[in-house]
Amino acid sequence: MQRAANTALHGCAQAGGPAHVGLTSSRAYGVIPPPRDPEEKEMLHRILRVDHAGEYGANRIYAGQMAVLGRTRTGPLIQEMWDQEKKHLEKFNEILAENRVRPTALLPLWNIAGFVLGASTAVLGKEGAMACTVAVEESISEHYNSQIRALMEKDPERYIELLNIIKEFRDDEMDHHDTGLEHDAETLPGYWLLKNAIQLGCKAAIYVSQRI
């Protein structure tokens, strides 16, 4: 199961450190270390730009779902997940401002596309909204895992604060993914077709958001 695989990676990524996310540091800087060269600066800016874009898009998706299902029995569940995504976005807004990283130029597009995706799948009912959640959160979790691997390979001590944040948010996304499965996502007719289509879009969005 996706959850088990990601949990195993979580443990692997923290090898050599405490078994919890909240590691401490006495560094003088905040989440992002001062880049040592243009290559490192570009790498960090790409990570922050795409993560901010992902959390922004997720917020818009949940906003679209709430516009359709907010007054149903599913509304509180969607709101709970959305509230976590709001915290993620707020944190990345803060980090981008602190480090003078420009967000992707495609935010206006993700604003509309995210809302339309959330609302259009929610029109299919609770199962449609949950199928969308599973597809998107799985994609985001896998992307966060790839970032964790890359940062661990480079210098886990240097990037410990950023790793802590990514791991924490990745775990939240995994929880949302599992919540979607627990609330009948897979019972939606055409579930696998919808899931694959959404994840193809997510991959394209990740690719362009890193670069534009």
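Here are a few notes on this predicted model, from the overall fold down to the cysteines.

1. Starting with secondary structure: the chain has seven helices and zero strands. Going along the sequence, the order simply reads α-α-α-α-α-α-α.

2. On packing, the chain runs to 212 residues, and 50% of them count as buried. Take the contacts between residues at least 6 apart in sequence: 83% of those link residues at least 24 apart.

3. As for the surface, the accessible area of the chain is about 10400 Å². Carbon and sulfur atoms account for 58% of that area.

4. Now the cysteines. The disulfide count is zero. For Cys-132, the closest cysteine sulfur belongs to Cys-202 and sits 7.8 Å away, which is too far for a bond. A disulfide would need the two sulfur atoms within 2.5 Å, so at 7.8 Å Cys-132 and Cys-202 don't qualify. Looking from the other end, Cys-202 is in no disulfide either, and its nearest cysteine sulfur is the one in Cys-132.

5. Are these two cysteines buried or exposed? Cys-132 is buried, with a relative accessible area of 0%. Cys-202 has 15% relative accessibility and counts as buried too, because the cut-off for buried is under 20%.

6. To pull the cysteine points together: Cys-132 is buried, Cys-202 is buried, and their sulfurs are 7.8 Å apart, too far for a bond.

How values were computed
Residues numbered from 1 in each chain as written. Predicted model: local features only at pLDDT ≥ 70, side-chain atom pairs only at ≥ 80, totals over all residues. Heavy atoms only, no water. Helix = DSSP H or I, 4+ residues; strand = E, 2+ residues; numbered from the N terminus. Buried < 20%, exposed > 50% of the residue type's maximum accessible area, 1.4 Å probe, protein only. Contact = heavy atoms within 4.5 Å. Areas by Shrake-Rupley, 256 points an atom, 1.4 Å probe, with all protein chains shown as cover.
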